[in-house]
Amino acid sequence: MNVSGYLITLAGLFIVPLCVLLTSTIKANYSNQSRNIAILLEALVDEDYSMRSAINSQNDEMLEIKLLLNTLSTRLAQQSVAIKESQLLLEKVISHIDVAIIASNEHYDITFTNPAANDLLDISTTSVGLNLTHTSIPVTKITTQPQSFTINVGGISKTYRISTVKYIHEQQLNYLFFISDVQWLLIDKERDSWQRLHRVLSHEVNNSLTPITSISATLLKLVTKPEVSMINLEQGLNVIHSRSASLNTFISNFQRISKLPPPTKVPFCLTELIQKCVLLFPHTQIDIVNPEVHHVFADPQQLEQVLVNLLKNAKEAMAQTTGKITVAIQTSDKYTSIHITDEGTGIINTDNLFIPFFSTKSKGSGIGLVFSRQILFNHLGDLQIKNRKDRKGTIATVSLPRVK
């Protein structure tokens with residue numbers, strides 16, 4: 001017993017210190033690795049992605065954690081570089097774009113301007129804090145919809161288009177204004193419109209005045225002769241009367257386009273209106289693909305004119321062919337669309353579709369599509385006509401904005 005007691009005591013003298021030493025070593029190693037991991041995490045929080053955790057061996061107790069942290073550091077470093085490159089590109093675009101960009105708080109105090117905005121407002125780059133209500137930009141009258149306004153710049157009145165975006169920054173409402181100079185664009189559009197109108201007017205008026213002038217001069221010579229033939233006089237006067245009537249019709253059609261009244265919008269059932277229009281073509285096969293009820297907010301009389309005109313065009317396009325017309329209604333978040341599809345001969349030249357008074361029909365006035373498109377433009381909608389891709393024929397698409 002005494003020998004055994006001595007052995008146990010001796011073993012305890014060696015084992016206990018060894019256990020204490022091993023525990024202290026493990027604790028120190030764990031504390032050191034924990035401190036290194038904490039330092040790495042702190043660096044990640046400070047957006048320093050250059051540090052990596054050292055891996056001494058594959059038997060490291062925290063090997064998986066270190067590998068994950070190193071992978072996270074690598075990915076964050078790559079994302080940081082990509083973000084900085086994107087920010088640099090965005091800064092260059094904002095600096096060189098000719099659109100004025102202005103950011104302000106909810107009280108219209110300027111928080112950011114790009115060089116184009118500085119030129120527009122005639123301010124320096126240090127004008128952050130200037131209130132937009134003290135400038136020539138009518139910010140208090142601006143809505144979420146893009147609109148135009150005119151201001152005096154250097155003694156010249158110029159027209160601008162402005163769009164507004166609301167955003168939240170640091171839990172506060174802010175505004176972002178995008179202002180573009182549309183003066184020269186409007187001038188170019190206006191000049192192009194005048195040139196096209198001049199070509200149309202010159203062509204139509206000359207087509208009437210040239211024969212009227214020639215025939216009237218001939219008739220003046222004939223009436224001075226005693227052997228004047230009444231047949232020749234009658235034929236000449238008939239030509240003059242015909243061309244005068246044609247010119248009068250042209251002027252009436254022109255007035256019809258230029259004096260189109262604004263739409264009187266009311267809510268109504270679009271499906272019922274389409275069914276009403278289809279009844280006007282009893283000898284033509286017209287199928288309504290999806291006859292479920294759809295409602296729109298528009299002028300029913302003006303929209304009826306558009307639909308009747310498009311159905312009439314579709315019917316005439318199938319004069320030399322056999323087939324049917326299909327009408328389909330489609331809705332999206334922003335628009336309600338009506339697709340009128342025919343199986344006719346298609347359109348040879350789509351570039352001239354919406355040129356006023358241009359028509360491929362022998363008795364066409366050339367204003368039907370122009371008139372229809374203008375009606376839809378006044379509704380903030382659109383009219384598009386394209387050739388079918390699956391077979392011969394056309395698709396006319398009427399689009400109207402949805403009102404929720």
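These legends describe an overview and several close-up views of a predicted model.

**Figure 1. Overview of the chain.** The predicted model has eight helices and 12 strands. Of its 404 residues, 32% are buried. The chain exposes about 26800 Å², and carbon and sulfur atoms supply 58% of that area. Among contacts between residues at least 6 apart in sequence, 55% join residues at least 24 apart. The average pLDDT is 77, and 70% of the residues score at least 70. Among the elements of the chain, strand 6 has the highest mean pLDDT, 92, and helix 4 (residues 183–223) the lowest, 66.

**Figure 2. The buried side of helix 6.** Helix 6 spans residues 270–278, and its buried residues are Leu270, Thr271, Leu273, Ile274, Cys277 and Val278. These residues lie on the same side of helix 6 because they cover an arc of only 160 degrees around the axis. Their cover includes strand 6 (266–269), strand 7 (286–288), strand 8 (295–298), strand 9 (325–331) and strand 10 (335–341), together with helix 7 (300–317).

**Figure 3. A salt bridge between helix 6 and helix 7.** The side chains of Lys276 and Glu304 form a salt bridge, with an N to O distance of 3.5 Å. Lys276 belongs to helix 6 and Glu304 to helix 7, so the pair links distant parts of the chain, 28 residues apart. Lys276 has a relative accessible area of 48% and is therefore partly exposed, as it does not reach the over 50% required for exposed. A search of the whole structure finds six salt bridges.

**Figure 4. A salt bridge from strand 7 to a loop.** Asp287 and Lys324 form a salt bridge in which the closest N and O atoms are 3.4 Å apart. Asp287 lies in strand 7, while Lys324 is in the loop between helix 7 and strand 9, so the pair ties together parts that are 37 residues apart in sequence. Both residues are partly exposed: the relative accessible area is 27% for Asp287 and 31% for Lys324.

**Figure 5. A salt bridge within helix 7.** Lys312 pairs with Glu316 in a salt bridge, the closest N and O atoms being 2.8 Å apart. The two residues are separated by about one helical turn because they are four residues apart in helix 7. Lys312 is partly exposed at 38% relative accessible area, and Glu316 is partly exposed at 34%.

**Figure 6. A nonpolar surface patch.** Leu89, Val93 and Ile97 make a nonpolar patch of about 240 Å² on the surface. Val93 lies in helix 2, which spans residues 63–96. With a relative accessibility of 41%, Val93 counts as partly exposed.

Notes
Residues are numbered from 1 along each chain as its sequence is written. This is a predicted model: local features need pLDDT of at least 70, side-chain atom pairs count only at pLDDT 80 or more; totals for chains, interfaces and linings use all residues. Side-chain values use heavy atoms; hydrogens and water are left out. Buried means under 20% relative accessible area, exposed over 50%, partly exposed in between (1.4 Å probe, protein chains only). Contact means heavy atoms within 4.5 Å. Accessible areas come from the Shrake-Rupley method with a 1.4 Å probe; for residues, only the protein chains shown count as cover. The arc is that of the directions from the helix axis to the C-beta atoms. pLDDT is the predictor's confidence in each residue, from 0 to 100. Patches are made of residues with over 30% relative accessible area and no salt bridge: like charges are joined within 9 Å, nonpolar side chains (Val, Leu, Ile, Met, Phe, Trp, Tyr) within 5 Å. A salt bridge is a side-chain nitrogen of Lys or Arg within 4 Å of a carboxyl oxygen of Asp or Glu.
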